[in-house]
Amino acid sequence: MGAMVSMATLRNNLADTINEVENNKDYLLVLRRGGPVSALVNLDFFEDLLALTNKKYLNSIKKAREEVKKGDIFSHEDVFGDL
């Protein structure tokens with residue numbers, strides 16, 4: 001399990017906890033009576049999660065993996081030429 005913070009600690013230290021997530025963590029699990037009930041997540045991490053739920057995005061990943069298996073890829077030189 002990731003880092004955790006109790007509801008009481010979160011309530012008493014909200015600004016510091018948000019800063020911790022923003023600068024050092026992807027997420028913190030919020031605990032109530034010792035069990036996780038919610039999560040405080042970094043905005044970049046949240047956006048990544050949203051992207052993963054997008055079917056178009058997931059299909060593009062699937063297509064790219066199929067292309068790699070078939071060997072339908074470009075070399076560094078194909079893409080960038082001689083640098």
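## Close-up views of a predicted model

Leu52 is partly exposed, with a relative accessible area of 44%. The model shown in these views is predicted.

**View 1. A nonpolar patch lies on the surface.** Leu52 sits in helix 3 and is one of the residues of this patch. The other members are Val41, Leu43, Phe46, Leu49, Leu50, Tyr57 and Leu58. Together the patch residues have about 680 Å² of accessible area. Which helix gives the most to the nonpolar patch? Helix 3 does, with five residues. Helix 3 and helix 4 each supply at least two residues. Leu52 qualifies for a patch on accessibility because patch residues need over 30% relative accessible area, and Leu52 has 44%.

**View 2. Negative charges gather in a surface patch.** Four residues make up this patch: Asp26, Asp44, Glu47 and Asp48. Asp44 is placed in helix 3, which spans residues 43-52. Is Asp44 buried or exposed? Asp44 is exposed, and its relative accessible area is 53%. That value counts as exposed because the class begins over 50%. Helix 3 thus appears in both surface views: it holds Asp44 of the negative patch, and it gives five residues to the nonpolar patch.

**View 3. Lys25 and Glu20 form a salt bridge.** How many salt bridges does the structure hold? There are two. In this one, the closest N and O atoms of Lys25 and Glu20 are 3.6 Å apart. The pair counts as a salt bridge because the N and O atoms fall within the 4 Å limit. Both partners are partly exposed. Lys25 has a relative accessible area of 31%. For Glu20 the value is 30%.

**View 4. Glu67 and Lys63 form a salt bridge within helix 4.** Their closest N and O atoms are 3.9 Å apart. Where do the two residues lie? Both are in helix 4, residues 55-70. They are four residues apart, so about one helical turn separates them. Glu67 is partly exposed, at 29% relative accessibility.

**View 5. The side chain of Asn42 reaches a backbone oxygen.** Asn42 is in the loop between strand 3 (35-41) and helix 3. What does its side chain reach? The target is the backbone oxygen of Glu22, at 3.2 Å. Asn42 is buried, with a relative accessible area of 12%. The residue falls in the buried class because that class lies under 20%.

**View 6. The side chain of Thr17 lies beside the backbone oxygen of Asn13.** Thr17 belongs to helix 2, residues 14-24. A polar atom of its side chain lies 2.7 Å from the Asn13 backbone oxygen. Thr17 is buried, and its relative accessible area is 8%. Like Asn42, which is buried, buried Thr17 places a polar side-chain atom by a backbone oxygen.

**View 7. Arg33 has a positive phi.** The angle is about 55 degrees, although Arg33 is not a glycine. Where is Arg33 found? Arg33 is in the loop between strand 2 (27-32) and strand 3. Its relative accessible area is 83%, and Arg33 is exposed.

Technical notes
Residues numbered from 1 in each chain as written. Predicted model: local features only at pLDDT ≥ 70, side-chain atom pairs only at ≥ 80, totals over all residues. Heavy atoms only, no water. Patch = residues over 30% accessible without salt bridge, like charges linked within 9 Å, V, L, I, M, F, W, Y side chains within 5 Å. Areas by Shrake-Rupley, 256 points an atom, 1.4 Å probe, with all protein chains shown as cover. Salt bridge = Lys/Arg side-chain N within 4 Å of Asp/Glu carboxyl O. Lys, Arg positive; Asp, Glu negative; His and termini not counted. Charge placed at Lys NZ, Arg CZ, Asp CG, Glu CD. Buried < 20%, exposed > 50% of the residue type's maximum accessible area, 1.4 Å probe, protein only. Polar contact = N/O pair within 3.5 Å; in protein donor to acceptor, adjacent residues only side chain to side chain.
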